[in-house]
Amino acid sequence: MLGDIEENRVFRSKKELMTCLSIMSMRKKFQYKVFKSNTSFIVVRCVHPSCSWRVRANKLIESEYWMVTKHVDKHTCPTDFKTTRRRQATSWVVGECIKRRFINPGRVFRPRDVMDDMKQRYGVELSYSVAWRGRECAYENLRLGTPEQSYNLLPGYLHMLMQTNPGSVVNLEVTDGNKFQYLFIAFAASIQGFSYCRPVISIDATHLKGKYRGVLFTAVCHDANQQIFPLAIGVGDSENDAAWTWFLKRVKDVFGENPALVIVSDRHRSIRSAVEEAFPRAFHGICIYHLLNNLKTKFKSKNKELEQHYIAAAKAYNLQEFHVLFYTLCSAVPGAKEYLESVGLDRWTRSHAPCRRYNIMTTNISESFNAVLVKVRELPITAFVNEVRLLCQRWFQQRRTKANGCSSRMSTDVEKKLEERRDRAQTMDVRF
């Protein structure tokens, strides 16, 4: 059992022995100190000078194994000598204690979670820095090494990804000093499936939370069942012109460009310039909710009617309906007309858009995809990429299984809508 010491027990190394001693001391709520130690034996005692508890272990001849030769398992120190802070709760010991928490895919502990877990299981109070370093030690043991080692493992991992996922596209770009700069991945299933999706791509970026930070770029769309369909991910240093342009050019290389293509994003300046350079023939629409927030901030308005009229105007299907709603909006908020027209009516309204946006008026699908990855964004780079692969693989497999069970060529979402409209139509009379 983890943390138990008894005479004649054999350990594979001195480190394993010391780990076992440390965990046992935390579980039984006492502290020890190393009394004597060299390459052939070690003696540890309770830190209280009058306590009789002690352990002696010797290294086996011509072996790396260590065996406990003596164990006095009786404490004679005062009960009030025990505290909630223990010297044995070092970062590597904490890592050994919590590493089992990371076995399940996508499981991530924040330092605060580590502190709560150690307090609940062992009654040990950790500082934030020890909890953070302990978590990094657990990552090192179970998540493809340290952050530095993870970057070194990335090229080999990507090579195996290409071998096991034929048709996938991977681009890894490094600096002149052979340092990581950009990463792009599009899985074969995403490439093949895009031709069956509406030509509207939502793009977004969010921050990675590992040691070296960075930014995650995502491109997603809707499948025929109104579900999030991941197209590609990218990793760069920051959300700037160069990074966005590099990512979107890779997206264009893989998925192509046609006059019916629509790119939907927020109003980040780097995105606009990158779309103009990478997709000169595509239409660039903006998320209506991001523009709404800008509108509220600029005019310092919390008017509910402003939001209602704006959303209705943005989603209007014809110009006549739009003009009525837009007039009402502009009458309620002086200055809104000039501001919204300067943005470009075609960029935020369905009625003026030169291409079909369908029902994708926001970047909610890309933001939702980023939200699914919120915990794994803390992982080292190679482990993070692997978790994204597992997520997409799981989604695609589940949807394929469900699709194989359908008897219609239409998706279940479309079938449901048609049934609802058919039932409603049967209650109506046709009049000439």
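**Reading a predicted fold, one question at a time**

Q: What share of the contacts in the chain between residues at least 6 apart in sequence join residues at least 24 apart?
A: In this predicted model, the share is 59%. A pair of residues counts here if heavy atoms lie within 4.5 Å.

Q: What makes the chain more spread out than a compact globule?
A: Start with the parts: the chain has 16 helices and 12 strands. Now set one value against the rule: the radius of gyration is 30 Å, while the globule rule gives 22 Å for 432 residues. The value is well over the rule, so the chain is more spread out than a compact globule. You can also look at the C-alpha trace, which spans about 100 × 55 × 50 Å along its principal axes.

Q: How much of the chain is buried?
A: A residue is called buried when its relative accessible area is under 20%. Of the 432 residues in the chain, 46% are buried.

Q: Why is strand E10 called mostly covered?
A: Use that same cut-off of under 20% relative accessible area. Strand E10 covers residues 228–236, and 9 of its 9 residues are buried, which is why the strand is described as mostly covered.

Q: How do you know that E7 and E10 pair, and in which sense do they run?
A: Two strands pair if there are at least two bridges between them. E7 and E10 are joined by 3 bridges, so they count as a pair, and they run antiparallel. For an example you can find in the structure, Phe-184 has Gly-234 of E10 as its bridge partner.

Q: What links E9 and E10?
A: They form a hairpin with 5 residues between them. In the turn, Gln-226 has a positive phi of about 65 degrees. The two strands pair in the antiparallel sense over 8 bridges, and one of the partnerships puts His-222 with Ile-228 in E10.

Q: Which strands make up the sheet that holds E10, and in what order?
A: It is an open sheet of 7 strands in the order E6-E7-E10-E9-E8-E11-E12, with mixed pairing.

Q: What makes E6 and E12 the edge strands?
A: Each of them, E6 (169–174) and E12 (283–286), pairs on one side only.

Q: How do the helices H5 and H8 lie on these strands?
A: Helix H5 (residues 147–164) lies across E6 and strand E7 (180–186), at about 155 degrees to E6. Angles over 145 degrees count as roughly antiparallel, so H5 is roughly antiparallel to E6. Helix H8 (residues 269–278) lies across E8, strand E11 (262–265) and E12, at about 165 degrees to E12. By that cut-off of over 145 degrees, H8 is therefore roughly antiparallel to E12.

Q: Which other sheet is there to find, and which strands are at its edges?
A: Look for an open sheet of 5 strands in the order E1-E5-E4-E3-E2, with antiparallel pairing. Its edge strands are E1 (10–11) and E2 (32–37), each pairing on one side only. Helix H1 (residues 14–27) packs on this sheet, and its direction makes about 150 degrees with that of E2.

Q: Why are H11 and H12 called oblique to each other?
A: Helix H11 (residues 319–332) and helix H12 (residues 336–343) pack at about 125 degrees, with their axes 8 Å apart. Roughly perpendicular ends at 115 degrees and roughly antiparallel begins over 145, so H11 and H12 are oblique to each other. Their contact includes Phe-326 of H11 and Leu-340 of H12.

Definitions and conventions
Residues numbered from 1 in each chain as written. Predicted model: local features only at pLDDT ≥ 70, side-chain atom pairs only at ≥ 80, totals over all residues. Heavy atoms only, no water. Helix = DSSP H or I, 4+ residues; strand = E, 2+ residues; numbered from the N terminus. Axes fitted to C-alpha atoms, helices over the stretch in contact; angles between N-to-C directions. Rg over C-alpha atoms; globule rule 2.2 N^0.38 Å. Buried < 20%, exposed > 50% of the residue type's maximum accessible area, 1.4 Å probe, protein only. Parallel < 35°, antiparallel > 145°, perpendicular 65-115°, else oblique.
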